[in-house]
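Biologist: I'd like to learn how to read a protein surface that faces DNA. Can you walk me through one?

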There are 2 protein chains.
Amino acid sequence: MIDPQQARTQVLLAANALFYQRGIQAVGMDAVRSAAGISLKRLYSLFPSKDALLIEVLKGWTAEWNEGVSLASSSATTPRDKLLAIYDFLDGWFRQDDFRGCAFINSFGELGAVSPDVAEIARGQKLAFQHYVASLVEELGGSPALAAQLAILAEGAQTTAAISGRPDAAFQARAAAEVLIRRELTA
Amino acid sequence: MIDPQQARTQVLLAANALFYQRGIQAVGMDAVRSAAGISLKRLYSLFPSKDALLIEVLKGWTAEWNEGVSLASSSATTPRDKLLAIYDFLDGWFRQDDFRGCAFINSFGELGAVSPDVAEIARGQKLAFQHYVASLVEELGGSPALAAQLAILAEGAQTTAAISGRPDAAFQARAAAEVLIRRELTA
DNA sequence: TTGCGTTGAGAACGGTCGTTCTCTATAGTA
DNA sequence: TACTATAGAGAACGACCGTTCTCAACGCAA
């Protein structure tokens, strides 16, 4: 474990999984250290503090989300299908064994009130998603209101799947989205 | 401050506000004690542990939510208007200065992975809300799918208003709900 | 007044966590 | 081989938190 780049990746992978699975405050730096298999000194030489590590993990989550969404929509051709692909992506995610809700919603709930950085990153991620939806809706000739509604459906599906344990929330959100889209396009 | 009932109420009020405003782990028992204006010994004679106190606070949140929803729907007469009143209730809530998102979503994000009690209470609250929506939708002659979709819209509005800071999420959710309801009733 | 049970205020305890420090082993160089 | 610089392992430190304990003040019955 000499390569700094590789050690850094190991730490980020470990922290990513631990923070997501158990919550941020519930995971100590020692747990991250042991999961990453490096020494505490090395860990602190790679990331100056737990806060700094958390910021990097949050950035990683942003990348993961963006990749997942863009991968799901890559097989779709029309803007409408790209929009609906979002809910298919959610469906696959909700059914994973380690699904524990949206990492940004969870982080915001845990630290949003106490850490402006966390609140701002979560907010940025949500706004970026809304922007993505809005751009597709615009291509489609829909209104900004429709875009907002489709984003709300995606958010609601995530909390419903996580807390109520209902993976079919993605399917329901998709069905609602289809209705809302069709209504605007045939009006 | 001799009346045990009154002291208990003071503690619950203080803990309610502090936990909601700053998060649960960020608030120490000493902060609760000082906000409630009682001694630590008395606090622990009223609630045997922080966990026990948290459970009671969560129950209080459940009662607050139920009262808010039923109050909002009390002025409506038809099932459709009662359903839409939910989003009006959300709208008023989102615009309050101290709005910091749904307490159950936040608690679940913070402790759901680590405390089965918190996870179960949050789940119970969400399921009860879904049940309430479903009963109104049934009165209205709508399908279970419509009920699920209306609940998802409400959840999504809450996270969107909280994280993105968009109080108009309630309005957007309401507009979407109107479309979905109308579509089922005129089909 | 005297003794006793209760209560309040907060010091104290044990544990944990983020962070730093010490010490040892090792690798590289002349 | 001798010296030096680095890095690993984990002990140590200071702070904080949930919880308990001490102790003094108070109310009250006789």
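Biologist: How do the residues of the surface near DNA strand C divide into nonpolar, polar and charged?

Modeller: Keep in mind that this is a predicted model. A residue is near the strand if one of its heavy atoms lies within 4 Å of it. Here the split is 5 nonpolar, 3 polar and 3 charged. Among the residues around DNA strand C are A:V27, A:Y44 and A:S49 from chain A, plus B:S39 and B:K41 from chain B. As for the strand's own side, sugar and phosphate make up 52% of its atoms that come within 4 Å of the protein.

Biologist: Which residues have a polar atom by a phosphate oxygen of DNA strand C?

Modeller: For a polar contact, look for N or O atoms within 3.5 Å. A:K50 places a polar side-chain atom 2.5 Å from a phosphate oxygen, and B:R42 has one at 3.2 Å. With A:M29 it's a polar backbone atom, 2.7 Å from a phosphate oxygen.

Biologist: And which elements give two or more residues to that surface?

Modeller: Those are α3 (40–46) of chain A and α3 (40–46) of chain B. The largest share, 3 residues, belongs to α3(B).

Biologist: Let's switch to A:E178. Why is it called partly exposed?

Modeller: The label covers relative accessible areas between the buried limit of 20% and the exposed limit of 50%. A:E178 comes out at 24%, so it counts as partly exposed. The residue sits in helix α9 (residues 169–185) of chain A. Setting aside neighbours within four places in sequence, A:E178 touches A:R80 and A:L84.

Technical notes:
Residues numbered from 1 in each chain as written. Chains lettered and ligands numbered in written order. Predicted model: local features only at pLDDT ≥ 70, side-chain atom pairs only at ≥ 80, totals over all residues. Heavy atoms only, no water. Polar contact = N/O pair within 3.5 Å; in protein donor to acceptor, adjacent residues only side chain to side chain. Helix = DSSP H or I, 4+ residues; strand = E, 2+ residues; numbered from the N terminus. Nonpolar A, V, L, I, M, F, W, Y, C, P; charged D, E, K, R; others polar. Buried < 20%, exposed > 50% of the residue type's maximum accessible area, 1.4 Å probe, protein only. Contact = heavy atoms within 4.5 Å.
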